[in-house]
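Here is a short set of exercises to work through with the structure open beside you. Try each task before reading its solution.

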Amino acid sequence: MTRNEFWRLSYRRDRYLEFLSQDELEARACDVMGNMTFLSAKGQIGLRAFAEGGEYWMRLWTHTLEEFVLRYGPYPNGFTNGFVKGTAMVEPSHPDEPLAKRAIDSIGGIRPGRLYKFGKREHLEPMLKRGRIRIAPASYYSDPSLNPAIKDEELSFSIKIRPGDVKAEDMNGEEIPTFGNVEVSFESKTNYYVSCFAANYTYREFDDFEADSCIVINEPREFTKRLLSRVRRIKPDFRGFASHVDYIDPLNHFSGEVNVFLTKHFRYAYQNEYRFLWVPEKPLMELEPFFVEIGDMGQYAEILSI
């Protein structure tokens, strides 16, 4: 039995996509496709290597294809309406190499242990020269006018539990029948401040964030120390910390716990986000953006442009 056949058979035994609407299934297909593909150094769209997370995404893709087969029949049934055009995938540059590759190669190529901030040069130059950083409340990112790669609901996160995995009861303890997935939402009791960076460089971020420049932070520890220390002086009633983001598949989350501050939908997994957060000691919902200056970053960071 091939790996593909095994994955298809496994899915038929645990059909966790069964209760998704057509729109939800199509959206999931786009989410998975956007993460299992990448932009190569030659400017071509490729598939992630199995050893670099590709096996996970290929398994989910196979499950998704099998659900399409069960609903609509063999491929291309279910795909003929063109919904895949909405997938968040970077544009290939082949036969030219990506501009992002040329930019990072100018400073010796990609190296582990860095942080990256993508944006417009007019905003990033003051950041490099003076350490001027705008820090926004989490609620800001729900603004519908934002770039799709940036827009997200940061104050809540929902998972979906299959009917057979949950038991609902009324006030009298009587069991309530469930039909379809049961949605469980986790909500933050407070707004908070967040500043987002990328922990990896994959040639696609300039397109995703509509950026023309990137600050490469070569010494994240120094940057972290300065940023947290400075904000602590300005916002003494906020607890600051930094961490990698945890990307969760809302249909396959079994622990029952979600840290809203550090959790994002798995559709954004390709962003490899590392975030700085400041949570108030007492719940606050109304917060305003502010600027902080941590001093010249030139000794431990540099700027790239395409």
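## Asparagine 272 and its backbone

**Exercise 1.** Is asparagine 272 buried, partly exposed or exposed, and what is notable about its phi?

*Solution.* Start with accessibility, keeping in mind that this is a predicted model. Asparagine 272 has a relative accessible area of 25%. Buried means under 20% and exposed means over 50%, so asparagine 272 is partly exposed. Next, place it along the chain: asparagine 272 sits in the loop between β13 and β14 (273-280). Finally, look at the backbone: phi of asparagine 272 is near 50°, a positive value in a residue other than glycine.

**Exercise 2.** Find where tyrosine 203 lies, and decide whether it is buried or exposed.

*Solution.* First, the location: tyrosine 203 belongs to the loop between β9 (193-198) and α6 (205-208). Second, the backbone: its phi is positive, about 75°, although tyrosine 203 is not a glycine. Third, the accessibility: tyrosine 203 has 15% relative accessibility and therefore counts as buried, the cut-off being under 20%.

## Cis peptide bonds

**Exercise 3.** Which residues does a cis peptide bond join to proline 76 and to proline 95, and where do these prolines lie?

*Solution.* Take proline 76 to begin with. Its cis peptide bond is with tyrosine 75, and omega is about 15°. Proline 76 is in the loop between α3 (54-72) and α4 (99-105). Now move to proline 95, which a cis peptide bond joins to histidine 94, with omega about 15°. Proline 95 also lies in the loop between α3 and α4.

## Two side chains and their surroundings

**Exercise 4.** Describe the setting of lysine 264: which strand holds it, and which residues does it touch?

*Solution.* Lysine 264 is part of strand β13 (residues 263-265). With a relative accessible area of 3%, lysine 264 is buried. Leaving out residues up to four places away in sequence, lysine 264 touches a list of residues that includes the acidic Asp152, Glu154, Asp246 and Glu273. Also among them are Phe157, Val245, Tyr247 and Ile248.

**Exercise 5.** Now do the equivalent for tyrosine 140: where does it lie, and what does it touch?

*Solution.* Tyrosine 140 is found in the loop between β4 (132-137) and β5 (156-161). Its relative accessible area is 31%, so tyrosine 140 is partly exposed. Not counting residues up to four places away in sequence, tyrosine 140 touches Arg134 and Leu146. As for distance, the C-alpha atoms of tyrosine 140 and asparagine 191 are separated by 9.8 Å, with their positions 51 residues apart along the chain.

## Cysteines and the whole chain

**Exercise 6.** How many disulfides are there, and how far from cysteine 214 is the nearest cysteine sulfur?

*Solution.* Counting pairs of cysteine sulfur atoms within 2.5 Å gives 0 disulfides. For cysteine 214, the nearest cysteine sulfur is that of cysteine 196, 14 Å away. Cysteine 214 is buried, at 0% relative accessibility. Cysteine 30 is also buried, with a relative accessible area of 11%.

**Exercise 7.** What radius of gyration does the chain have, and what would a compact globule of 306 residues have?

*Solution.* A compact globule with 306 residues would come near 19 Å, and the protein chain has 22 Å, which agrees. Its secondary structure comprises 7 helices and 16 strands. Buried residues account for 45% of the 306 residues. Of the contacts between residues at least 6 apart in sequence, 80% join residues at least 24 apart.

Technical notes. Residues numbered from 1 in each chain as written. Predicted model: local features only at pLDDT ≥ 70, side-chain atom pairs only at ≥ 80, totals over all residues. Heavy atoms only, no water. Helix = DSSP H or I, 4+ residues; strand = E, 2+ residues; numbered from the N terminus. Rg over C-alpha atoms; globule rule 2.2 N^0.38 Å. Buried < 20%, exposed > 50% of the residue type's maximum accessible area, 1.4 Å probe, protein only. Contact = heavy atoms within 4.5 Å.
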